[in-house]
Amino acid sequence: MIIEGYYQYPGRAAQEAARVTLGELDASLVLERHETGSQAFMLAQVGVSEALGSIPLTLTFPDGGRFRPADDALFRAWVVQHKAPGLVYRLEKYKRGALFALLATVLVALSYVYVVLSWLSATIALHIPTAVEQRLGEQTLALLERTELAPSTLPEARQQALQRLFEQAQPPEMRQARTPLRLRLMSAPSIGPNAFMLADGTLIVLMPSRHEKSSLFHKKKPGLSRPGFLFA
């Protein structure tokens with residue numbers, strides 16, 4: 001089978017007429033040019049471009065030269081007979097496969113975001129060494145005290161009452177944790193009433209005296225949890 005076409009020399013834009021003789025029984029081909037005569041190759045020695053839509057296939061020879069057939073359909077049919085098509089070609093040919101691949105990609109992405117990342121973050125948080133948690137919490141608290149936080153303006157008696165209430169609200173397993181929970185009552189006029197927990201188990205509650213009733217301790221008994229990192 002003879003396929004007419006055009007040959008492009010390595011590193012040059014100019015093309016010349018050439019032809020390729022394709023093997024009928026095997027994956028051999030012979031490139032014929034006017035200047036150098038004939039050169040025989042096996043298909044495995046030659047690079048074949050991906051079959052993307054109607055874009056013609058091209059052959060890239062070991063020396064970098066390229067051949068573009070004039071009859072792409074005939075050449076493409078021969079290549080498919082002697083070489084397994086790539087994934088892109090199969091997805092283009094079989095629309096159901098493309099839709100399945102798209103759906104699988106979406107499902108994998110969602111699983112990674114909502115399952116893998118959640119599991120990974122929880123696993124990492126549970127295996128952080130206690131010394132690292134304590135050090136991280138101490139440094140974070142020191143930074144916050146220098147920038148945003150100030151001692152609470154609540155009366156001392158009220159602070160002690162809230163401390164007792166906090167201890168009573170803790171589940172028994174949290175009282176025996178490697179880094180027991182602690183309550184720090186602070187104020188931050190620029191932030192307002194809020195609460196967050198540091199990595200070492202220190203619960204920071206921002207409670208200006210005028211907002212005392214908005215404290216989380218005046219709500220229904222809270223469920224406490226241990227995060228691995230600072231959160232707002």
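1. A word to start with: a residue is called buried when its relative accessible area is under 20%, exposed when it is over 50%, and partly exposed in between (1.4 Å probe, protein chains only). By that rule, Tyr7 and Tyr9 are both buried, and 31% of the 232 residues of the protein are too.

2. Please keep in mind that this is a predicted model, in which local features need pLDDT of at least 70 and side-chain atom pairs count only at pLDDT 80 or more, while totals for chains, interfaces and linings use all residues. Residues are numbered from 1 along each chain as its sequence is written, and side-chain values use heavy atoms, with hydrogens and water left out.

3. For a first overview, the protein has six helices and 11 strands. Helices (H or I, at least four residues) and strands (E, at least two) are DSSP runs, numbered from the N terminus. The accessible surface, from the Shrake-Rupley method with a 1.4 Å probe and with only the protein chains shown counting as cover for residues, comes to about 14,700 Å². Carbon and sulfur atoms account for 61% of that surface.

4. Now to the rings. Rings of Phe, Tyr and Trp (its six-membered ring) pair if their centres lie within 6.5 Å; planes under 30 degrees apart count as stacked, over 60 as edge-to-face and the rest as tilted. Searching the whole structure gives three aromatic pairs. Tyr7 and Tyr9 make an edge-to-face pair, because their planes stand at 90 degrees, with the ring centres 5.0 Å apart. Tyr7 also pairs with Phe61, this time tilted, at 6.3 Å centre to centre and 45 degrees between the planes.

5. Why does the pair of Tyr7 and Phe61 tie together separate parts of the sequence? Tyr7 belongs to strand 1 (residues 2-8), whereas Phe61 sits in the loop between strand 6 (59-60) and strand 7 (66-69), so the parts joined are 54 residues apart in sequence. Tyr7 has a relative accessible area of 1%, and Phe61 one of 4%. Ring pairs link Tyr7, Tyr9, Phe41 and Phe61 into a cluster.

6. Tyr7 has a charged neighbour as well: Arg33 lies over the face of its ring, 4.2 Å from the ring centre. The rule here is that NZ of Lys or CZ of Arg must be within 6 Å of the ring centre and within 35 degrees of the ring normal.

7. Strand 1 is part of an open sheet of seven strands, in the order 4-3-2-1-7-6-5 with antiparallel pairing; two strands pair if DSSP finds at least two bridges between them. Strand 4 (37-42) and strand 5 (47-48) are the edges, each pairing on one side only. Inside the sheet, four bridges join strand 2 (residues 15-22) to strand 3 (residues 28-33), and Val20 has Leu31 as its bridge partner.

8. Finally, have a look at strand 11 (residues 202-206): five of its five residues are buried, so the strand is largely enclosed by the rest of the structure. In a regular strand the side chains alternate between the two faces of the sheet. Here Thr202, Ile204 and Leu206 point one way, and Leu203 and Val205 the other.

9. Which strands pair with strand 11? Strand 9 (residues 182-187) does so in the parallel sense over five bridges, with Leu185 partnering Val205. Strand 10 (residues 194-197) runs antiparallel to strand 11 and is joined to it by four bridges, and Met197 stands opposite Leu203. Strands 10 and 11 form a hairpin with four residues between them, where Gly201 in the turn has a positive phi of about 90 degrees.
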